[in-house]
Each structure stands twice: as structure tokens, then as C-alpha cells.
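Work through the exercises below with the sequence and the coordinates open. Each task is followed by a worked solution.

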Amino acid sequence: MNFKKILLISIIIILAFSTTGFGCKKRKPKPSNNTPVATNLPVNQPINNQVNLPTTTQPPKPVTEEEKVIKLAEDYIEIYGSYRFGDFSNVENLYPQMSKSYQAQIKNWVSQQKAKYASQFKHYGSVITLVQSSKVTLLNQNKAEVKLKARRIEYKGAWINDNPIDEFGNPISKVPKREFFQDVQVKLIKEDGLWKVNEIKFL
């Protein structure tokens, strides 16, 4: 065999190995349709553009001395002036709102009135008092005066088992009613730093 034949056979053998992929790197297989797809990929979250601003609350407006004496005077007169004849619980409930000297005076008056009504036939009747307006006429560090206009409704009689009777217990067709307006003066003083009622006058 001459040299040319040997060279030709060698070339044929080399070409044969190269076509079969011998000594070449393997290609990565293409993913098939059955290849699972990752499901835990990050999801775009919505962006919250709202900004939570700090809330500011206004401090409560301080109550003035004038407002204090007006409220005390109005509440006092509506309770004091609304009652049933012979019943003094409304006055007794107001003892904490009175000055010490005025409270002692009113307690004595209540005791006398209770004794008076205890010896008499039950007196039927009632009064309702509603404050219509009020005005401070004097105010300093220790004293105050308030003038009020009150609407008063007076009933002479009562109801027993839904049947109206007069003040002596006799049946009547209806309980008489009288309505009128009355001015009231309330004097207050300060005791232990608190406003107290020291005197009232129905004018």
C-alpha cells in the first residue's frame, strides 16, 4: 500500500468519527412540554400610595368661671323649683350645691315644712320650673350673682288610678293648671375653690 492510499484511508476514518460526534460535547436537551413550570415566582404586589398622616386632636376648651356659675344657677333653680307639694327630696338632693351656712338654714326650713305637712291632709299638687334665660350680673373671685327668667307650670290636684282629684281628694273633671313666668336671683360664693349657692330669691 503506497503512501497516498494510507493517507486517504486515514482521512476517511477521521471524517467517520467526526460525523458520529465522537469526542464532542453533548448538547443540553431542549425542555419538553411536560417539564414542570416553577409556580413560586415573585408576584408584583400593588403599591400603596396612601400616606397615613398623624391625626391631631384639639384640646378641650377650658370652662370659664362665667359658664360655671350659669350652669350651677340654672340646674339649681330647675331642680329646686320643680316639686310635689309635701315632698322635699328635690331640695335635699341640692344640699351638696349649697354653701355651709345656707345648707344649715335650708335644712332647718325643710324640717319645719315636713312637720307641717305631716299634720295635714295630703296636699296634692306640683310645680315644674324651666329656665328660659340667664345673665351674670356680678362676678369676681369669690362672689357671683345670676338673674334668671323661669317658666313655671303649677298643677292643683293629682291623679289616683288615672282619675283626677283636687287637693282635698274630691273627684274633678281635670287637674287645673296655671302657667306663669317668674324672675329669680341666685347668689353664689366660693368655698374650698368651688362655687356654691348661698341664696335664692323668686322675684
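**Exercise 1.** Which residue is the bridge partner of I189 in β7?

Solution. The model is a predicted one.
- Step 1: Take the strand pair β6 and β7, which runs antiparallel over eight bridges.
- Step 2: Look up I189; its bridge partner in β7 is K196.
- Step 3: Check the connection. β6 and β7 make a hairpin with two residues between them, and D192 in the turn has a positive phi of about 55°.

**Exercise 2.** Describe the pairing of β3 with β6 and give two residue pairs.

Solution.
- Step 1: β3 covers residues 143-155 and β6 covers residues 177-191; the two are antiparallel over 13 bridges.
- Step 2: R151 lies opposite F181 of β6.
- Step 3: The next residue to look up is R152, whose bridge partner in β6 is F180.

**Exercise 3.** In what order do the strands of the five-stranded sheet stand, and which are at the edges?

Solution.
- Step 1: The order is β1-β2-β3-β6-β7, in an open sheet with antiparallel pairing.
- Step 2: β1 (83-84) and β7 (194-202) each have a single partner strand, so one side of each has no neighbour in the sheet.
- Step 3: Place the sheet in the chain. The protein has four helices and seven strands, and from the N terminus the elements follow α-α-β-α-α-β-β-β-β-β-β.

**Exercise 4.** Characterise helix α2 by its span and its buried residues.

Solution.
- Step 1: α2 spans residues 65-80, 16 residues in total, and reaches 22 Å from the first C-alpha to the last, close to the 22 Å expected at 1.5 Å a residue.
- Step 2: With buried taken as under 20% relative accessible area, the buried residues of α2 are V69, I70, L72, A73, Y76, I77 and Y80.
- Step 3: These residues lie on the same side of α2, because they cover an arc of only 165° around the axis.

**Exercise 5.** Which stretch has a pLDDT below 50, and how should such a stretch be read?

Solution.
- Step 1: The average pLDDT of the protein is 79, and 65% of the residues score at least 70.
- Step 2: Residues 21-39 are below 50; apart from near neighbours in sequence, this stretch has one contact in the model.
- Step 3: Predicted coordinates should not be read in detail where pLDDT is low.

**Exercise 6.** Summarise burial, contacts and surface for the protein.

Solution.
- Step 1: Of the 203 residues, 25% are buried.
- Step 2: Among contacts with a separation of 6 or more, 60% join residues 24 or more positions apart.
- Step 3: The accessible surface is about 15900 Å², and carbon and sulfur atoms account for 56% of this area.

Technical notes:
Residues are numbered from 1 along each chain as its sequence is written. This is a predicted model: local features need pLDDT of at least 70, side-chain atom pairs count only at pLDDT 80 or more; totals for chains, interfaces and linings use all residues. Side-chain values use heavy atoms; hydrogens and water are left out. The expected span of a helix is 1.5 Å times one less than its number of residues. Buried means under 20% relative accessible area, exposed over 50%, partly exposed in between (1.4 Å probe, protein chains only). The arc is that of the directions from the helix axis to the C-beta atoms. pLDDT is the predictor's confidence in each residue, from 0 to 100. Contact means heavy atoms within 4.5 Å. Accessible areas come from the Shrake-Rupley method with a 1.4 Å probe; for residues, only the protein chains shown count as cover. Two strands pair if DSSP finds at least two bridges between them.
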